[in-house]
Amino acid sequence: MLLSKEVYEKKLLSIEGEIKGISDNYSEMISDINNVILENYDKSSFSIKELANLVNQSPNQLRSVLKQTTGLTPVKAILEIRLLKAYELLKNQKYSTIKEVIYAVGLTSRDYFVKVFFKRFGVKPVSYTHLTLPTKRIV
């Protein structure tokens with residue numbers, strides 16, 4: 001599972017694994033949260049409210065549980081999964097452009113994606129593949 005303090009603190013690049021160090025009280029909920037995010041990360045409109053509804057929690061309860069168990073807010077948890085998926089897509093060269101990867105993980109802004117990807121992994125997305133960022137054409 002993705003949502004564990006160990007995963008985030010160590011900044012693992014894998015999206016596979018198990019939830020470790022989370023109390024039994026929350027492990028099922030974290031697993032549900034993780035699964036819902038994995039099912040919806042590609043939707044740019046996916047919101048904290050929608051996530052909370054899908055796991056039968058209030059947005060405040062969702063935030064509290066995530067913060068306590070992973071150290072992340074719901075927004076950061078969704079972003080983390082999107083970035084890990086983007087890394088995987090880039091590494092496996094599943095798309096021919098970075099723009100396609102950006103949309104595939106539910107993001108829409110190239111500048112934002114490059115910024116958060118660099119902050120998360122310490123390199124620009126183009127470092128992982130032969131892909132290039134699309135540039136604006138002047139006609």
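This short talk walks through a predicted model of one protein chain, beginning with the overall layout and then turning to helices α5 and α7 and to a few individual residues.

Let me begin with the chain as a whole. The protein chain holds 7 helices and 0 strands, so that reading from the N terminus gives the order α-α-α-α-α-α-α, as the DSSP runs define it. Of the 139 residues in the chain, 41% are buried. If we take the contacts with a separation of 6 or more, 59% of them come from residues 24 or more positions apart. The chain exposes about 8300 Å², and carbon and sulfur atoms supply 48% of that area.

Now to helix α5, which covers residues 74-91. Does the length of this helix agree with what one would expect, or disagree? At 1.5 Å a residue, its 18 residues should span 26 Å, and the C-alpha atoms at its ends are indeed 26 Å apart, which agrees. The helix is mostly covered, with 14 of its 18 residues buried.

Helix α7 can be put through the same kind of check, taking residues 110-121. Its 12 residues should span 16 Å at 1.5 Å a residue, and its end C-alpha atoms are 16 Å apart, so here too the expected and computed spans agree. The buried residues of α7 are F113, V114, V116, F117, R120 and F121, and what covers them includes α5 and also α6, the helix at 98-104.

How, then, do α5 and α7 lie with respect to each other? Their axes come within 11 Å and cross at roughly 90°, and since angles of 65 to 115 degrees count as roughly perpendicular, the two helices are therefore roughly perpendicular to each other. On the α5 side the contact involves L79, E80, L83, L84, A86, Y87 and L90, and these meet Y112, F113, V116, F117, R120 and F121 of α7. Sorted by type, the residues of this contact divide into 11 nonpolar, no polar and 2 charged.

One residue of that contact deserves a slower look, namely L83, which is found in helix α5. With a relative accessibility of 3%, L83 counts as buried, because the cut-off for that class is under 20%. Which residues does L83 touch once its neighbours within four places in sequence are left aside? They are F113, V116, F117, R120 and F121. For F121 we can also give a separation: L83 and F121 are 38 residues apart in sequence, while their C-alpha atoms are 9.0 Å apart in space.

Let me now step back along the chain to the stretch before α5. T73 is found in the loop between α4, which is residues 59-70, and α5. Although it belongs to a loop, T73 is buried, with a relative accessible area of 18%. Not counting residues up to four places away in sequence, T73 touches R63, L66 and K67.

P59, in turn, is found in helix α4 and is partly exposed, its relative accessible area being 39%. The C-alpha atoms of P59 and I48 are separated by 6.7 Å, with the two positions 11 residues apart along the chain.

I will finish with backbone geometry, where a general expectation is useful. Most residues other than glycine have a negative phi. Which residues in this model have a positive phi although they are not glycine? One of them is N56, whose phi is about 55°. N56 is placed in the loop between α3, residues 48-54, and α4, and at 68% relative accessibility it counts as exposed.

Another is Q93, which is not a glycine and has a positive phi of about 50°. Q93 comes just after α5, in the loop between α5 and α6, and with 42% relative accessibility it counts as partly exposed. A glycine can be set beside these two: α7 is followed by G122, whose phi is also positive, near 80°.

To close, the picture I would leave you with is of α5 and α7, two roughly perpendicular helices, with L83 of α5 buried and in contact with residues including F117 and F121.

Terms used:
Residues are numbered from 1 along each chain as its sequence is written. This is a predicted model: local features need pLDDT of at least 70, side-chain atom pairs count only at pLDDT 80 or more; totals for chains, interfaces and linings use all residues. Side-chain values use heavy atoms; hydrogens and water are left out. Helices (H or I, at least four residues) and strands (E, at least two) are DSSP runs, numbered from the N terminus. The expected span of a helix is 1.5 Å times one less than its number of residues. Buried means under 20% relative accessible area, exposed over 50%, partly exposed in between (1.4 Å probe, protein chains only). Contact means heavy atoms within 4.5 Å. Accessible areas come from the Shrake-Rupley method with a 1.4 Å probe; for residues, only the protein chains shown count as cover. Axes are lines fitted to C-alpha atoms, for helices over the stretch in contact, and angles run from 0 to 180 degrees between N-to-C directions. Angles under 35 degrees count as roughly parallel, over 145 as roughly antiparallel, 65 to 115 as roughly perpendicular and the rest as oblique. Ala, Val, Leu, Ile, Met, Phe, Trp, Tyr, Cys and Pro count as nonpolar, Asp, Glu, Lys and Arg as charged, and the others, Gly among them, as polar.
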